[in-house]
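Subject: Structure for you to look at, with notes

Dear colleague,

Here is the structure I promised to hand over, with the sequence alongside. My notes on what was found follow below it.

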Amino acid sequence: MEQTERRKYLIEYLLSERNESAAIPNDTEAQKRLFRALVNVRMPKSASREFFKIQGEYLREELRLKGITDIAELNPIMPDIYLWKGDITTLKCDAIVNAANSRMLGCFCPNHNCIDNAIHTFAGVELRKSCYDIMSLQGGEEPVGRAKITPGYNLPCRYIIHTVGPMVCGDLDGTHEKQLSDCYRSCLALADKNFLESITFCCISTGEFNFPNERAAKIAVQTVGEYKKETKSKIKVIFNVFKEYDHEIYKKLLG
């Protein structure tokens, strides 16, 4: 089955779940947007074995076409510390960090360009169901600064570590800064607890949550350095950026 056939099957399945029918566009990019939108708004639930099989084939091929980057191919900027600019969903390492919201179910806004949306889209619908099960057991929203771990499903990483960063409304204060530091510490501790050898951090809270980029980067670098010094952890840490602006900030901070 080719990618177009897989995509059409997945779209038809997702539409049938909603008791809807629609003409599937002929344009490839329009089809991709429709598939992603349907995944984004889908409530957490299971699906058929056939759906999971074809979804897995489709997503893994889409990521392969984007280009997978293995941590083994990267050079550290200092011992066990890496800086990498690219799409975090294409990185092969032990764990990537997702900047989640307090519901921990991913972004429900169709085709939104946040990292939460991208990770849930390319991991597959299994991820939302897994997060739902975790949050149901917890019985409430996820507090800022903590972390949860799930499989990576169809992503090249083995695991996803989800953390809720602070939202800055108005002036930045010490509470925001401590909460952001807690995010990095919680993710690192959870990775070490699960014997992971590498973890990739996105720029937590700097997007929709309005944390100033430069201050966030300073807190990230400082917290990781302090954690590794205090715990003697040998975990490899990749600071992942998507924008050139953030890349320049981290380059300066990391020398």
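The bridge partner of N98 in β6 is H162, and that pairing is a convenient place to start. Strands β4 and β6 (residues 159-164) pair in the parallel sense over six bridges; two strands are taken as paired if DSSP finds at least two bridges between them. Helices (H or I, at least four residues) and strands (E, at least two) are DSSP runs numbered from the N terminus.

Before going further, please note that this is a predicted model, in which local features need pLDDT of at least 70 and side-chain atom pairs count only at pLDDT 80 or more, while totals for chains, interfaces and linings use all residues. Residues are numbered from 1 along each chain as its sequence is written, and side-chain values use heavy atoms, with hydrogens and water left out.

The sheet

Strand β4 belongs to an open sheet of six strands, in the order β2-β8-β7-β4-β6-β5 and with mixed pairing. At the edges stand β2 (81-85) and β5 (147-151), each with a single partner strand, so one side of each is left without a neighbour in the sheet. From one strand to the next the twist averages 25°, where axes are lines fitted to C-alpha atoms (for helices over the stretch in contact) and angles run from 0 to 180 degrees between N-to-C directions.

Five of the six residues of β4 (residues 95-100) are buried, so this strand is largely enclosed by the rest of the structure; buried means under 20% relative accessible area, exposed over 50%, and partly exposed in between, with a 1.4 Å probe and protein chains only. Strand β4 also pairs with β7 in the parallel sense, over two bridges: A95 has I199 as its bridge partner, and I96 stands opposite T200.

Strand β7 (residues 198-201) is in turn joined by four bridges to β8 (residues 236-241), the two running parallel, with K236 as the bridge partner of S198. Both faces of β7 are covered, since S198 and T200 on one side and I199 and F201 on the other are all buried. Helix α7 (residues 213-231) lies across β2, β7 and β8, running at about 175° to β8.

The core

The largest nonpolar core, a set of buried Ala, Val, Leu, Ile, Met, Phe, Trp, Tyr and Cys residues joined through side-chain atoms within 4.5 Å, has 69 residues. Those with the most contacts inside this core are L155, I161, I199, F201, V237, F239 and Y250. If neighbours within four places in sequence are left aside, V237 is in contact (heavy atoms within 4.5 Å) with D80, I81, Y82, L188, I199, F201, V224 and K228.

Aromatic rings

Rings of Phe, Tyr and Trp (its six-membered ring) are paired here if their centres lie within 6.5 Å, with planes under 30 degrees apart counted as stacked, over 60 as edge-to-face and the rest as tilted; by this rule the count comes to six aromatic pairs. In one of them, the rings of Y13 and F51 have their centres 4.6 Å apart and their planes at 35°, so the pair is tilted. Y13 lies in helix α1 (residues 3-17) and F51 in helix α3 (residues 49-66), so the pair ties together parts that are 38 residues apart in sequence. F51 counts as buried, at 0% relative accessibility.

The rings of F35 and Y58 have their centres 5.3 Å apart and their planes at 80°, so this pair is edge-to-face. This pair, too, links distant parts of the chain, with F35 in helix α2 (residues 28-41) and Y58 in helix α3, 23 residues apart, and both F35 and Y58 are buried. One aromatic cluster is formed by Y9, Y13, F51 and F52.

A charge is said to sit over a ring if NZ of Lys or CZ of Arg is within 6 Å of the ring centre and within 35 degrees of the ring normal. K66 lies in this way over the face of F122, at 3.8 Å from the ring centre, and the charged end of R128 sits over the ring of F108, 3.7 Å from its centre.

Two loop residues

Y153, in the loop between β5 and β6, has a phi near 55°, a positive value in a residue other than glycine, and is partly exposed at a relative accessible area of 33%. F195, in the loop between α6 (174-193) and β7, has a positive phi near 60° and counts as exposed at 72% relative accessibility.

With best wishes
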